[in-house]
Amino acid sequence: MVQRTVLKVDLSCKKCKKQLLKAVSALQGVDKIEADAAKGTLTVTGNADPFEIIVRTRKTGKFVQVVSIGPPPPPPKQDGQKKPEQKAPIHLHYPYGCPLCDRMTVVHVDRCQDPTTGCSIL
């Protein structure tokens with residue numbers, strides 16, 4: 001039976017999203033995966049076991065919260081009238097990674113400015 005599993009996951013950067021998609025796409029029975037960083041949701045549609053989807057997602061190191069598990073919604077009906085398209089909001093973030101992925105902190109110490117130590121450059 002085809003199910004739709006919606007999970008709430010923090011998708012801060014492209015690296016996080018890529019790891020998550022790679023882990024879930026390896027499961028048997030996955031038909032469609034949608035990751036929405038703006039909403040922070042991961043939607044998986046297919047015959048895959050929802051428990052296995054949650055386990056694979058948690059193995060990537062992310063905190064997972066189940067939003068819903070159930071049948072997928074029916075396809076939308078084609079009407080003669082078209083709704084005006086809405087523009088997606090712009091979200092800005094640090095492009096090189098997220099704080100969860102970056103575990104190292106670089107500290108710059110300028111020894112040449114300290115009068116007690118000799119400068120090794122000169």
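The following paragraphs lead through the fold of this protein, from its overall layout to individual residues. The model is a predicted one.

The protein contains 2 helices and 4 strands. Followed along the sequence, these elements come in the order β-α-β-β-α-β. The protein has 122 residues, of which 24% count as buried. Its accessible surface amounts to about 10300 Å², and carbon and sulfur atoms account for 55% of that area. Among the contacts with a separation of 6 or more, 67% are between residues 24 or more positions apart.

Helix α1 is a convenient place to begin a closer reading. This helix covers residues 14-25, 12 residues in total, and its first and last C-alpha atoms lie 16 Å apart, close to the 16 Å expected at 1.5 Å a residue. Its buried residues are Cys16, Leu20, Ala23 and Val24. Viewed down the axis of α1, these buried residues fall within an arc of 90°, so they line one face of the helix. The general geometry of helices accounts for such a pattern: an α-helix has 3.6 residues a turn, so residues three or four places apart point the same way. On the face of α1 turned away from the buried side are the exposed residues Lys14, Lys18 and Lys22. The buried residues of α1, for their part, pack against the strands β1 (3-9), β2 (30-36) and β3 (41-46), and also against helix α2 (50-59).

The interior can be described through its nonpolar core. The largest such core has 13 residues, and Leu7, Val9, Leu42, Val44 and Ile53 are the members that touch the most others. To this core, β1, α1, β3 and α2 each supply at least two residues. Leu42 illustrates the packing: with residues up to four places away in sequence set aside, its contacts include Leu7 and Val9, Leu20 and Val24, and Ile33. Polar residues also touch Leu42, among them Thr5, Glu34 and Thr57.

Two cysteines deserve separate attention. A disulfide is a covalent bond between the sulfur atoms of two cysteines. A search of the whole structure finds 0 disulfides. The closest cysteine sulfur to that of Cys13 belongs to Cys16, and the 3.4 Å between them is too far for a bond, since the cut-off for a disulfide is 2.5 Å. Both cysteines are nevertheless shielded: Cys13 counts as buried at 7% relative accessibility, and Cys16 counts as buried at 2%.

The strands offer a further pair of residues for comparison. Thr45 is located in strand β3 and, because its relative accessibility is 17%, counts as buried. Leaving aside neighbours within four places in sequence, Thr45 is in contact with Val2, Gln3 and Arg4, with Gly29, Val30, Asp31 and Lys32, and with Pro72. Lys32, in turn, is located in strand β2 and counts as partly exposed, because its relative accessibility is 46%. Beyond residues up to four places away in sequence, Lys32 touches Thr43, Val44 and Thr45. One of these, Thr43, is 11 residues from Lys32 along the chain, and the C-alpha atoms of the two are separated by 8.0 Å.

Notes:
Residues numbered from 1 in each chain as written. Predicted model: local features only at pLDDT ≥ 70, side-chain atom pairs only at ≥ 80, totals over all residues. Heavy atoms only, no water. Buried < 20%, exposed > 50% of the residue type's maximum accessible area, 1.4 Å probe, protein only. Contact = heavy atoms within 4.5 Å. Areas by Shrake-Rupley, 256 points an atom, 1.4 Å probe, with all protein chains shown as cover. Expected span 1.5 Å × (residues − 1). Arc of directions from axis to C-beta. Core = buried A, V, L, I, M, F, W, Y, C linked by side-chain atoms within 4.5 Å.
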